[in-house]
Amino acid sequence: MDEIRKNLEAELNRTVERIRQMGGAATSVQTMGAVGDTSQLADEVDVIQVNEDREMNFATRSLLVERANRLAEALERLGGGDYGTGQECGEAIAPARLKAVPEVTTCVRCQDRLEKMSRHMPPVGGSDEGDESKHD
């Protein structure tokens, strides 16, 4: 269990460090945009590139924050004795899966089932195509 805890803590520390590193870059781009100082940008392409880079940075940072949260939850499950048990089925998660993705909460079989179900569900907040004709 000590080795598992050390691995989870190391992954969490690496993830948090990546978030910290990204924070500086995101702040500088945000500050430039907030101040409105785009005089250094030669043309619209540069502005578009800065905006695209900022959006990618936000998306990546968001994914890292989610992973850090999952790793912290895995540490809590380890402390509570629930680590390595699938939340869907209650069965043991394969050690190879836990090694590859230490924050995982489902076995391969349940994860596959969940992914198949999500593909068949309608999107949340989807529009009804028939509604447009009602407004004419």
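**Figure 1. Secondary structure of the predicted model.** The chain contains five helices and zero strands in this predicted model. In sequence order, the elements follow the pattern α-α-α-α-α. The chain has 136 residues, of which 21% are buried. Among contacts between residues at least 6 apart in sequence, 58% join residues at least 24 apart.

**Figure 2. Helix α2 and its buried residues.** Helix α2 covers residues 44-80, a run of 37 residues. Because a helix is expected to rise 1.5 Å a residue, α2 should span 54 Å, and the distance of 54 Å between its end C-alpha atoms agrees with this value. The buried residues of the helix are V50, N57, L64, A68, L71, A74, L75, R77 and L78. An α-helix has 3.6 residues a turn, so residues three or four places apart point the same way. Several steps in the list can be read in that light, including those from L64 to A68, from L71 to A74 and L75, and from A74 to R77 and L78. After the helix comes G81, which has a positive phi near 85 degrees.

**Figure 3. Surroundings of R61 in helix α2.** R61 is found in α2. This residue counts as partly exposed because its relative accessibility is 30%, a value between the limits of 20% for buried and 50% for exposed. Apart from neighbours within four places in sequence, R61 is in contact with I19, M22 and G23. The C-alpha atom of R61 is separated by 9.9 Å from that of Q21, although the two residues lie 40 residues apart along the chain.

**Figure 4. The largest nonpolar core.** This core has 14 residues, and those that touch the most other members are L8, L12, Y83 and L98. Helices α1 (2-35) and α2 each supply at least two residues of the core. The largest share, six residues, comes from α2. In soluble globular proteins, nonpolar side chains tend to be buried together. When neighbours within four places in sequence are left aside, the contacts of L98 are Y83, G84, I93 and V104.

**Figure 5. I93 in the loop between α2 and α3.** I93 is placed in the loop that lies between these two helices. With 4% relative accessibility, I93 counts as buried, since the cut-off for that class is under 20%. Beyond neighbours within four places in sequence, I93 is in contact with G84, T85, G86, L98, V104, T105, T106 and C107. The C-alpha atoms of I93 and Y83 are 8.9 Å apart, and the two residues are separated by ten residues along the chain.

**Figure 6. The largest pocket and its lining.** The pocket has a volume of about 260 Å³. Its lining consists of E3, I4, N7, L8, E11, Y83, I93, P95, L98, K99 and P102. Helices α1 and α3 (95-100) each supply at least two of these residues, and α1 gives the most, with five. By class, the lining has seven nonpolar, one polar and three charged residues. L8, Y83 and L98 appear in this lining and are also among the residues that touch the most other members of the largest nonpolar core. The buried loop residue I93 is likewise part of the lining.

Notes. Residues are numbered from 1 along each chain as its sequence is written. This is a predicted model: local features need pLDDT of at least 70, side-chain atom pairs count only at pLDDT 80 or more; totals for chains, interfaces and linings use all residues. Side-chain values use heavy atoms; hydrogens and water are left out. Helices (H or I, at least four residues) and strands (E, at least two) are DSSP runs, numbered from the N terminus. The expected span of a helix is 1.5 Å times one less than its number of residues. Buried means under 20% relative accessible area, exposed over 50%, partly exposed in between (1.4 Å probe, protein chains only). A nonpolar core is a set of buried Ala, Val, Leu, Ile, Met, Phe, Trp, Tyr and Cys residues joined through side-chain atoms within 4.5 Å. Contact means heavy atoms within 4.5 Å. On a 1 Å grid over the protein atoms alone, a cavity is a set of points where a 1.4 Å probe fits but cannot get out, and a pocket is an open set with protein on both sides within 12 Å along at least five of seven lines; lining residues have an atom within 4 Å of a point. Grid points are joined across faces, edges and corners, and a volume is the space filled by probe spheres set on the points. Ala, Val, Leu, Ile, Met, Phe, Trp, Tyr, Cys and Pro count as nonpolar, Asp, Glu, Lys and Arg as charged, and the others, Gly among them, as polar.
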